[in-house]
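Reader: I should be grateful for a close look at the largest pocket of this protein. Which parts of the chain line it, and what kinds of residue are found there?

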Amino acid sequence: MMNRETLISKWLDNNLNDQELQAFKNLEDYDDLVKLNDSLQAFKVDEYNTKQELESVLSAIKNPAIQPNKNGNNWLKPFMRIAAILAVCFSLYYYTTTLDTTISTEFAQKTTIELPDASSVSLNAKSTLSFNKKDWKQEREVELNGEAFFKVAKGSSFKVNTKSGTVTVYGTQFNVKQRDYYFEVICYEGLVGVTHNSHETKLKPGDSFLIIDGKIIAKEKENRSTPSWLNNESQFKSMPFKTVIAEFERQYHVDFSLINVDSTQLFTGSFAHDNLEMALKNITLPLQLTYTKENNTIILKRE
């Protein structure tokens with residue numbers, strides 16, 4: 001016979017078979033468990049671990065600090081359950097006001113977020129941004145994994161933390177791109193400080209900071225007023241072909257297989273995000289490559 005804790009755990013995961021479901025319904029406190037779970041659902045937020053908190057409360061119900069006496073202090077059991085529900089509700093309120101806000105985009109998806117100071121952030125495909133609303137006035141920091149364009153509200157300043165470096169904002173418009181082997185910051189307006197390996201580099205409008213495979217790469221002045229991806233186009237100037245392929249995969253949710261193709265060769269050109277066939281021609285013709293498609297995989301060949 002399956003024990004009580006296992007039944008409850010499988011019930012929380014919606015993983016009970018017919019026989020186990022009947023055994024769960026036969027539990028002495030079945031009604032209370034259902035009511036408690038319903039209460040949790042009413043208050044539930046995205047980042048809150050309902051299962052973990054519910055199991056913690058159930059443990060408190062199962063092992064109360066004060067046991068009813070033999071004369072039948074039956075009032076204690078419902079009192080403990082009410083107290084447990086109140087504790088869960090308080091915990092939910094606490095988590096909703098302290099947990100980070102996290103926004104993620106999928107393949108071929110872009111979105112725009114407004115930060116607590118009215119600054120706006122546009123997220124490119126397959127990117128994640130996190131920040132803490134409650135502590136924003138004390139710690140204006142965001143965590144970025146991917147690519148984002150920041151348009152900072154006048155008078156505001158904060159930090160953008162990435163795995164490759166930290167970008168300090170002094171009131172500006174700038175783009176940050178952090179991928180597996182690629183880290184780039186472009187300043188479009190104002191002033192940006194990029195800290196990498198404990199050294200800060202100040203960027204003025206048109207300046208870039210680029211690292212590929214751990215090496216700092218010098219770039220010409222940026223003459224666009226905003227990054228091209230905001231207009232559903234990816235542009236490259238003397239970039240390794242592997243960066244082009246990686247961005248293509250994010251924008252079209254496809255995989256590439258390269259045959260006799262040097263992924264480190266430099267590519268200059270662009271592709272749009274809304275026309276697969278035209279985009280493929282734009283990245284293959286300049287390098288004299290051919291392509292074929294098999295399901296969701298695109299095979300590139302050099303004849």
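Author: **The lining of the largest pocket**

Strand S8 (173-178), strand S9 (182-189), strand S14 (233-240) and helix H6 (241-252) each contribute at least two residues to the lining of the largest pocket. The model is predicted, with local features needing pLDDT of at least 70 and side-chain atom pairs counting only at pLDDT 80 or more, while totals for chains, interfaces and linings use all residues. Residues are numbered from 1 along each chain as its sequence is written, and side-chain values use heavy atoms, leaving out hydrogens and water.

Helices (H or I, at least four residues) and strands (E, at least two) are DSSP runs, numbered from the N terminus. A pocket is an open set of points on a 1 Å grid over the protein atoms alone, where a 1.4 Å probe fits, with protein on both sides within 12 Å along at least five of seven lines; its lining residues have an atom within 4 Å of a point.

The largest pocket has a volume, the space filled by probe spheres set on the points, of about 660 Å³. Its lining comprises 30 residues, and Glu184, Lys219, Gln235, Phe236 and Lys237 lie nearest its centre. S14 provides the largest share of this lining, with seven residues. By class, twelve lining residues are nonpolar, eight are polar and ten are charged. Here Ala, Val, Leu, Ile, Met, Phe, Trp, Tyr, Cys and Pro count as nonpolar, Asp, Glu, Lys and Arg as charged, and the others, Gly among them, as polar.

The chain that holds this pocket has seven helices and 18 strands.
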